[in-house]
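Trainee: I should like to take a close look at a single part of this protein. Would you please guide me through the second largest pocket and what lines it?

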Amino acid sequence: MLSREENELITRVGQGTPMGDTLRLYWLPALLSREIPEPDCPPARVRLLGEALVAFRDTNGRIGLIQELCPHRLASLYFGRNEECGLRCVYHGWKFDVDGNCVDMMNEPDDYQFKHKIRTTAYPTCELGGVIWAYMGPADKKPPLPEFAWTQVPQSHRHVTKVIQECNWLQGLEGGLDTSHAPIMHRLITENSTRGGFKPSNPFVAGKAPKLVVDITEYGYQYAGIRPLGDSEMHIRTYQFILPFHQIRPSKSERGHPMDAGHSWVPIDDQMTMVFNWSYSVTDEPLNEEDRLERNLGNGPLHVDQVTFRSKANRSNDYLIDREVQRTESFTGIDGINVQDRAIQEGMGSIVDRSKEHLGPADKAIIQARKLLRQAVKTVQAGGVPGGTRGYQQLRAREAVLRRDADWRAEMTPEMPREAIVQTV
Ligand code: FES
Ligand SMILES: [Fe+2]
């Protein structure tokens, strides 16, 4: 559990809050590249860390991410015209370039124009892995580009989606770092079900409850859920947590193709979250159209409106829970692994009161993530650079059944330098 104060400290993200200041020192996924697909296309609304912004791609392909409200009389630039290297407010015709400079004022005669005195907030962006990332912190603290392994593979091998979740970002992150719920909540209860989930014969489900080992690093941690299997084996699933809100986990596509996958839980504000879901093929073979439907996870076009990014199964329809399916086929009766996650995480309320929890050893990874987040805030308050801004580029996550006495780190995540482990808990 956390005290009320600690809970406030690590969940609130607005300007001037300790966690808000900390998150502003990272590159943040802001929107999908395909939301503004080509030069001079319509702008897109973006709400990030409580700030209302618009994104646009100018005539030369440069990306602007500027304050939504026009500095003249605060009309929304979402309704603006994206033309000739700038976004023009349709109210009185003021126009802004991607750097936030006012470059024209249609409502003032030439000799009265004061455009050189007007600037609007504009955040630096970069485009990597089909995602437009924003940096909202001080210019002198901008970290290296967020070159996660998934952003470096060709588009044919990568799949990225976005879905809006109606709760605080930390609830999402904690669900993603919680291996102990996964084979329980996401299990199927009959072997022949075709719904998304883990079948009873899957060693993830068949193994006993896990012991958790957390290797703390500079970027966050690697951790393993270790489940005894039979007399002499163990099922191991590793995850990576990269500060402040990225998860990497082992995965398989809908047809069983091996992938790495993960989520980033990006705060829209204190009560809403943009979840970016990514996956990529870890072989030479590209992903196919079926893989991109994400039938099992419930994040693709079948489950999520691709204009609003709202989940079709949501709080207002009880996530389309089917009690008969819950009785006979799946643990929850809700279709889609991540739909199940959203149901539970949103059902806790906007910001869960962590002072009321009763944590056990199975929550070790969650406890450590909260510690690392508090530490990151402290580091930033002392003027330092928080963890997770570098050193994560090669990270992988894996799942395997090994001999009970195997050295799982050497066998499963050999690319992770052992000297990176600061402490094991
Ligand atoms: S409010 Fe935008 S130009 Fe007047
Ligand atoms: Fe889950």
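Mentor: The following account treats the pocket in full and then turns briefly to a sheet. Please keep in mind that the model is predicted.

The second largest pocket holds about 530 Å³ of space. Its lining is made up of 22 residues, and those closest to the centre of the pocket are Glu35, Ala44, Arg45, Val46 and Val307. Sorted by class, the lining comprises 14 nonpolar residues, six charged residues and two polar residues. In general, rolling a probe the size of a water molecule over the atoms shows where empty space is left.

Several strands take part in this lining. At least two residues each come from strand S2 (44–48), strand S3 (51–57) and strand S11 (158–165). Of the contributors, S2 gives the most, namely four residues.

The sheet may now be described. It is an open sheet of three strands, in the order S1-S10-S9, with antiparallel pairing. Strand S1 (27–32) and strand S9 (125–128) are the edge strands, since each of them pairs on one side only. From one strand to the next, the twist averages 35°. As a general matter, the strands of a sheet pair through backbone hydrogen bonds, either parallel or antiparallel.

Within this sheet, S9 and strand S10 (residues 131–135) run antiparallel and are joined by four bridges. One pair of bridge partners is leucine 128 and valine 131, the latter in S10.

Technical notes:
Residues numbered from 1 in each chain as written. Chains lettered and ligands numbered in written order. Predicted model: local features only at pLDDT ≥ 70, side-chain atom pairs only at ≥ 80, totals over all residues. Heavy atoms only, no water. Pairing = 2+ DSSP bridges. Axes fitted to C-alpha atoms, helices over the stretch in contact; angles between N-to-C directions. 1 Å grid on protein atoms, 1.4 Å probe; cavity = no way out; pocket = protein on both sides within 12 Å on 5 of 7 lines; lining within 4 Å. Points joined across faces, edges and corners; volume = space filled by probe spheres on them. Nonpolar A, V, L, I, M, F, W, Y, C, P; charged D, E, K, R; others polar.
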